[in-house]
Amino acid sequence: MRTRMILALLGSCVFACLVSSGSAAEPTAPIKALIVDGQNNHKWAETTPVLQEMMEKSGRFTVDVSTCPPKGKDMSDYLPEFEKYDLVVVNNGWRADSWSEKAMQAFERFVKNGGGVVSYHAADNAWPQWKAWNEMIAIGGWGGRNEKSGPYLYTDKHGNVFRDRSPGKGGGHGAQTEFEITVRDTEHPITRGLPKTFMHGPDELYSFLRGPALNVQILATAHSDKSNGGTGHEEPMLMTITYGKGRVFHTVIGHYLAQIKRGSFVTTFLRGAEWAATGKVTLPVPAGFPDQAYPPGE
Ligand code: ZN
């Protein structure tokens, strides 16, 4: 009798623990986010504080920052405590040194177990040799990426998705320009309520991104104009990817400060980050989008 009662108690505790310890954040509790940076051909030391500011001012996130050692230095002690967070925002970029095997495995475990990730702009230039990273971002550019990295992913003007496996480079962009972003899924939590098309920029319009392109949904595209060194195709601008139980939001926009303070970036970034962490979006599309004032929440 006594044993049975203890077992029942234990059972209900296990159940309660399982229910309450899911890795996704509760719908309304602050999302614990970590920005990782430190090696990027972009000015990570200037963009990270602005990303942090917009996340905190949205009222939805608390944000810590983990900066890796400078390029060429010993990475063996760099090991962010990913498991303490709901979300990791990656602000590393082109030619970033590889993390240690230990750190890469910890990050892979974090995402596989349900952690959220945002791949921000040049993060998809980073780590061409890291198989799991390429699977998390679906597509990336530069760093020697080519047809061996996977297909070039794009859509036609109707949103039909193509995977082009013919030989060629991975990664390109023309001169910075203003461009129109077209939402391809108006029902996804991240894009629901956004105008079907909206302006962004001036910014780099990434093209020719290649990769495994698995478990990826293209939420929004922009036309890459041949007159500006482009492909003539619609290029993915906002994507979601699943990796194990984890959710990844991949935004290719946001080159530098002027670009990330644009309402088009702020709203899609924050909503994408919230979705990656929780699977839901509560942050509204602000009045005046995409020309609302920066920072949000003021
Ligand atoms: Zn850039």
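This report describes a zinc site, a β-α-β unit and one buried strand residue in a predicted model.

## The zinc site

Four side chains supply the donors of the zinc ion, namely His-42 through NE2, His-121 through NE2, Glu-204 through OE and His-255 through ND1, at 2.0 to 2.1 Å. Along the chain these donors follow the spacing H-x78-H-x82-E-x50-H. The pair of His-42 and Glu-204 links distant parts of the chain, 162 residues apart, with His-42 in the loop between β1 and α2 (44–57) and Glu-204 in the loop between β8 (197–203) and β9 (216–223).

The angles among the four donor atoms run from 89 to 159°, and the site is classed as irregular; the upper value matters here because a tetrahedral assignment would need all angles to lie between 85 and 135 degrees. His-42 counts as buried because its relative accessibility is 10%, and Glu-204 is likewise buried, with a relative accessible area of 7%.

## Strand β3 and its neighbours

Strand β3 (residues 87–90) is covered on both faces, with Leu-87 and Val-89 buried on one side and Val-88 and Val-90 buried on the other. Strand β1 (residues 31–37) pairs with β3 in the parallel sense over four bridges, and within this pairing Ala-33 stands opposite Leu-87.

β3 also pairs with strand β4 (residues 116–120), again in the parallel sense and over four bridges, where Val-90 has Ser-119 of β4 as its bridge partner.

## Helix α3 and the crossover

Helix α3 (residues 101–112) joins with β3 and β4 in a β-α-β unit that is right-handed. The end C-alpha atoms of α3 are 16 Å apart, which agrees with the 16 Å that its 12 residues should span at 1.5 Å a residue. After the helix comes Gly-114, whose phi is positive, near 115°.

The buried residues of α3 are Ala-103, Met-104, Ala-106, Phe-107, Glu-108, Phe-110 and Val-111. These buried positions pack against the two strands of the unit, β3 and β4, and also against α4 (131–137), β10 (234–243) and β11 (246–251).

## Thr-182 in strand β7

Thr-182 belongs to strand β7, which covers residues 177–183, and counts as buried because its relative accessibility is 14%, below the 20% cut-off. When residues up to four places away in sequence are left aside, Thr-182 touches Lys-196, Thr-197, Leu-219, Ala-220 and Thr-221.

Conventions. Residues numbered from 1 in each chain as written. Predicted model: local features only at pLDDT ≥ 70, side-chain atom pairs only at ≥ 80, totals over all residues. Heavy atoms only, no water. Buried < 20%, exposed > 50% of the residue type's maximum accessible area, 1.4 Å probe, protein only. Contact = heavy atoms within 4.5 Å. Pairing = 2+ DSSP bridges. Right-handed = clockwise from strand over helix to strand, strands pointing away. Donors = N, O, S within 2.8 Å, 3.2 Å for Na, K, Ca; no water. Tetrahedral: all angles 85-135°; square planar, octahedral: opposite > 155°, others 65-115°. Expected span 1.5 Å × (residues − 1).
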